[in-house]
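Please open the structure in your viewer and keep the selection panel at hand. The tour begins with the aromatic rings and then moves on to the nonpolar interior.

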Amino acid sequence: MEEKKWYKQKKYQIILGIVLLLVLGVGGYAFSLYNSFNSALDNMHHPVDKTDKRENDISIKKQDPFSVLLLGVDERANDSGRSDTMIVLSVNPKEESVKMLSIPRDTKTEIVGNGTVEKINHAYARGGAEMAIATVENFLDIPIDYYVKVNMEGFKDIIDTLNGVTVVNDMDLTYKNYHFPKGEIELNGKEALIFSRIRYEDPRGDFGRQIRQKQLIQAVLDKGTNLSSLLKIDDILGNLGDNIKTNFTLKEMLNIQKQYKSLNKNIEQIQFEKGSGGKEAGVWYYYPDANELSEIKQTFKGHLLLK
């Protein structure tokens, strides 16, 4: 069915959330290995121009609310890649809460800076992270303060570096040649990605998938902070540096790790549920419901304490 394209980008949805939290959380543990962390950060750090939707600069140290755009990109040799996954996070330190929205990759919208109206995931291919940020800012009418770009093929190496993760599966599931029995199961990197994307094989649809995604977030965070994983911090940092680009600075990462330790326990997922799809000149698009999009904009503005 054409509608399956609406959800293609969600196969890595929570994995990206894990990446952000792991990037931020690992800072405190890696402090004693400063040189290794600094080297990885040099590879990861790619600044972009500050958003013009902010009248005043924000300060993570002062616990100002901030937003993050997570880009899951499949990059190949001689190809800039497209952002198969685009997720917006807003963080409100006073509420100790995070709101997470996955934007359907086929959403028809203006590509800011390119002078076109096309699928939102084309923004990265047209102008990299900068154009993707500008396009999402225009689409949601909020500032994007930070971004994290992930090479998704490489991210599974991080899970494998942790020797996999353990989750308690609440339903027997089969996806192609992969079987996930009910009960406690061990997942390697590839299996975790597949486990996170299952939708049509689960009678609960997206609700069931969200349960599994939350399980994976907690499993990776728990595994990433135990002693055996800390002994592999050099390998973890190496994988992070090779597969992640961000404009977060080391100081900002350390401040977040220090001040927002409970964020991973209070993540609210927001979804587009009322939109429709259709073809134009043979190209399939997702059209968000105008009222629902307006509500989502207001939700983010309120969480970010914007007017």
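Seven aromatic pairs are counted here, a pair being two rings of Phe, Tyr or Trp (its six-membered ring) with centres within 6.5 Å, called stacked if the planes are under 30 degrees apart, edge-to-face if over 60 and tilted otherwise. This is a predicted model, in which local features need pLDDT of at least 70 and side-chain atom pairs count only at pLDDT 80 or more, while totals for chains, interfaces and linings use all residues. Residues are numbered from 1 along each chain as its sequence is written, and side-chain values use heavy atoms, with hydrogens and water left out.

Select Phe 66 and Tyr 146 next: their ring centres lie 5.8 Å apart with the planes at 90°, so the pair is edge-to-face. Phe 66 belongs to strand β1 and Tyr 146 to strand β6 (residues 146-151), 80 residues apart in the chain; strands are DSSP runs of E with at least two residues, helices runs of H or I with at least four, both numbered from the N terminus. Both residues are buried, meaning under 20% relative accessible area with a 1.4 Å probe and protein chains only. Adding Phe 248 to the selection completes one aromatic cluster with Phe 66 and Tyr 146.

Now turn to the largest nonpolar core, which has 29 residues, with Leu 69, Val 88 and Ile 103 among those making the most contacts inside it; such a core is a set of buried Ala, Val, Leu, Ile, Met, Phe, Trp, Tyr and Cys residues joined through side-chain atoms within 4.5 Å. Colour α3 (122-140) among its contributing elements, since α3 gives the most, nine residues.

How values were computed. Buried < 20%, exposed > 50% of the residue type's maximum accessible area, 1.4 Å probe, protein only.
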